Amino acid sequence: SGRPTYSSQIACCRGAYAGQTSGTCLSQLPSAPTMSPTEAGGLDVYYPDYATTFGEAGCINTRPLPSGRPTYSTQESCCRGAYGGQSSGRCMCEAVGVCYSCTCGTESQRTTAGCTLTCS
């Protein structure tokens, strides 16, 4: 027939429809790429995890950012802003580490980390 053959559908799209601006050929693929792919990894900002109970919650940078959620440049600033009244200190323990307070981690973990806290 004189027509080129390709080993896969994506090879066909790249070979025969490389200049196609509509993206129709690529959109027909089983796992079609998008014009604006999702970025990998965490966000560059932190936001309060409202899906977790207040006493256990922390600040996360998981994609996607929920609509209307306040954002902070660091995990620690998020904890101070969103969980300042958290008696468990869980958010700050996660953000700063076991040396933040006596409620963070175990005595052994604090010793291993070189904490200078005096906990009784």
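In this predicted model, R110 and E107 are joined by a salt bridge, with 3.1 Å between their closest N and O atoms. Both residues belong to helix 5, and because they sit 3 residues apart there, about one helical turn separates them. The two partners can also be described by their surroundings. R110 has a relative accessibility of 8% and therefore counts as buried, whereas E107, with a relative accessible area of 45%, is partly exposed. The general idea behind such contacts is a simple one: side chains of opposite charge can pair when their charged atoms come close.

A search of the whole structure returns 4 salt bridges. Another of them involves R90 and E56, whose closest N and O atoms are 2.6 Å apart. This pair connects distant parts of the chain, since R90 is in helix 4 while E56 is in the loop between strand 1 (47–48) and strand 2, 34 residues apart. R90 is partly exposed, with a relative accessible area of 37%, and E56 is partly exposed with a value of 41%.

R90 also takes part in a salt bridge with E94, at 3.5 Å from N to O. Here the partners are 4 residues apart in helix 4, so they are separated by about one helical turn. E94 has a relative accessible area of 42% and is partly exposed. It is helpful to return to helix 5 for a moment, where R110 and E107 are likewise separated by about one helical turn. Through shared partners, salt bridges join E56, R90 and E94 into one network.

Attention now turns to the cysteines. The structure holds 6 disulfides. One of these is formed by C59 and C78, with sulfur atoms 2.1 Å apart. The pair links distant parts of the chain, with C59 in strand 2 (residues 59–60) and C78 in helix 3 (residues 75–82), 19 residues apart. The torsion about their S-S bond is about -80 degrees, so this disulfide is left-handed. Both C59 and C78 are buried.

A disulfide also connects C93 and C104, whose sulfur atoms lie 1.8 Å apart. C93 is in helix 4 (residues 90–96) and C104 is in the loop between helix 4 and helix 5 (107–112), so the link ties together parts that are 11 residues apart in sequence. With a torsion of about -80 degrees about the S-S bond, the link of C93 and C104 is left-handed. C93 is buried, and C104 is buried too.

In the disulfide of C99 and C115, the sulfur atoms are 2.0 Å apart. C99 is found in the loop between helix 4 and helix 5, and C115 in the segment after helix 5, 16 residues away, so that distant parts of the chain are linked. This bond is left-handed as well, with -90 degrees about the S-S bond of C99 and C115. The surroundings of the two cysteines can be set side by side: C99 is partly exposed at 33% relative accessible area, while C115, at 17%, counts as buried.

When the bonded cysteines of the protein chain are numbered in sequence order, the pairing reads 1-2, 3-4, 5-6, 7-10, 8-11, 9-12. C12 offers a useful contrast. The closest cysteine sulfur to that of C12 belongs to C25, and at 5.3 Å it is too far away for a bond, because a disulfide needs sulfur atoms within 2.5 Å. C12 is partly exposed, with a relative accessible area of 24%.

How values were computed
Residues numbered from 1 in each chain as written. Predicted model: local features only at pLDDT ≥ 70, side-chain atom pairs only at ≥ 80, totals over all residues. Heavy atoms only, no water. Helix = DSSP H or I, 4+ residues; strand = E, 2+ residues; numbered from the N terminus. Buried < 20%, exposed > 50% of the residue type's maximum accessible area, 1.4 Å probe, protein only. Salt bridge = Lys/Arg side-chain N within 4 Å of Asp/Glu carboxyl O.
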